[in-house]
Amino acid sequence: MIGGFALLAVISTLSLITVGRRPEFRLLRMVGAGRRQVRRMLVLETGLVAVAGLAIGTLVAAVPLVAFAASTTGSVPYLPPVQYGVLVLAVTVAAGAGAMWPGSPGGRFVLKRRA
């Protein structure tokens, strides 16, 4: 449940940020940036946010988990790489959906040029 709420928070936050940046994207289009360039910029920014979020989230979660596990069991916690990979994939898909859907031509929020 907590993971689902976290994914919804990621999607809604990135969607609101992307929609709020409409004037910036329109300005980029007016000064000559192509749709591919704006989309590539959005993909790179989303990727950087996802990587930073995963790194910081992993570190923030690891510190108390290691301390708690070491004090109670005398060993460090273990997460199989496959499960961590699924977690990374879920966060990446959520970040992509949150930023790219409002920015896609089908969403008609960001990349449509005004006449």
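**Exercise 1. Find the residues that join H2 to H3, then describe how the two helices pack.**

Step 1. On the H2 side, the contact is made by Glu24, Phe25, Leu28 and Arg29, and their partners in H3 are Arg35, Val38, Met41 and Leu42.

Step 2. Sort these residues by class: five are nonpolar, three are charged and none is polar.

Step 3. Now turn to the geometry, keeping in mind that this is a predicted model. H2 covers residues 22-30 and H3 covers residues 35-72; their axes lie 9 Å apart, at an angle of about 140 degrees.

Step 4. To name the arrangement, recall that an angle must be over 145 degrees to count as roughly antiparallel, while 65 to 115 counts as roughly perpendicular. H2 and H3 are therefore oblique to each other.

Step 5. Finish with the handedness: H2 and H3 cross in a right-handed way.

**Exercise 2. Work out how H1 packs against H2, and which residues take part.**

Step 1. H1 runs over residues 2-20, and the axes of H1 and H2 are 5 Å apart with an angle of about 50 degrees between them.

Step 2. Roughly parallel would need an angle under 35 degrees, so the pair H1 and H2 is oblique.

Step 3. Look for the touching residues: H1 offers Thr18, Val19 and Gly20, which meet Arg22, Pro23 and Phe25 of H2.

Step 4. By class, this contact of H1 with H2 holds three nonpolar residues, two polar ones and one charged one.

**Exercise 3. Decide whether threonine 46 is buried or exposed, and list its contacts beyond its sequence neighbours.**

Step 1. Start by locating threonine 46, which sits in helix H3.

Step 2. Its relative accessible area is 9%. Buried means under 20%, so threonine 46 is buried.

Step 3. Set aside the neighbours within four places in sequence; threonine 46 then contacts Ala95, Gly96 and Ala99.

**Exercise 4. Classify leucine 16 and arginine 39 by accessibility, and give the C-alpha distance from each to a residue far along the chain.**

Step 1. Leucine 16 belongs to helix H1. The cut-off for exposed is over 50%, and leucine 16 has 64% relative accessibility, so leucine 16 counts as exposed.

Step 2. Along the chain, 86 residues separate leucine 16 from proline 102, yet their C-alpha atoms are 8.7 Å apart in space.

Step 3. Arginine 39 is found in helix H3. With a relative accessible area of 28%, arginine 39 is partly exposed.

Step 4. Arginine 39 and methionine 100 are 61 residues apart in sequence, and 8.0 Å lies between their C-alpha atoms.

**Exercise 5. Step back and describe the whole protein chain: its elements, its buried share, its contacts and its surface.**

Step 1. Count the elements: the protein chain has four helices and zero strands. Read from the N terminus, the order is α-α-α-α.

Step 2. Of the 115 residues in the protein chain, 19% are buried.

Step 3. Take the contacts with a separation of 6 or more; 68% of these join residues 24 or more positions apart.

Step 4. For the surface, about 8000 Å² of the protein chain is exposed, and 74% of that comes from carbon and sulfur atoms.

Technical notes: Residues are numbered from 1 along each chain as its sequence is written. This is a predicted model: local features need pLDDT of at least 70, side-chain atom pairs count only at pLDDT 80 or more; totals for chains, interfaces and linings use all residues. Side-chain values use heavy atoms; hydrogens and water are left out. Buried means under 20% relative accessible area, exposed over 50%, partly exposed in between (1.4 Å probe, protein chains only). Contact means heavy atoms within 4.5 Å. Accessible areas come from the Shrake-Rupley method with a 1.4 Å probe; for residues, only the protein chains shown count as cover. Axes are lines fitted to C-alpha atoms, for helices over the stretch in contact, and angles run from 0 to 180 degrees between N-to-C directions. A crossing is left-handed if the near helix is turned anticlockwise from the far one by less than a right angle, and right-handed if clockwise. Ala, Val, Leu, Ile, Met, Phe, Trp, Tyr, Cys and Pro count as nonpolar, Asp, Glu, Lys and Arg as charged, and the others, Gly among them, as polar.
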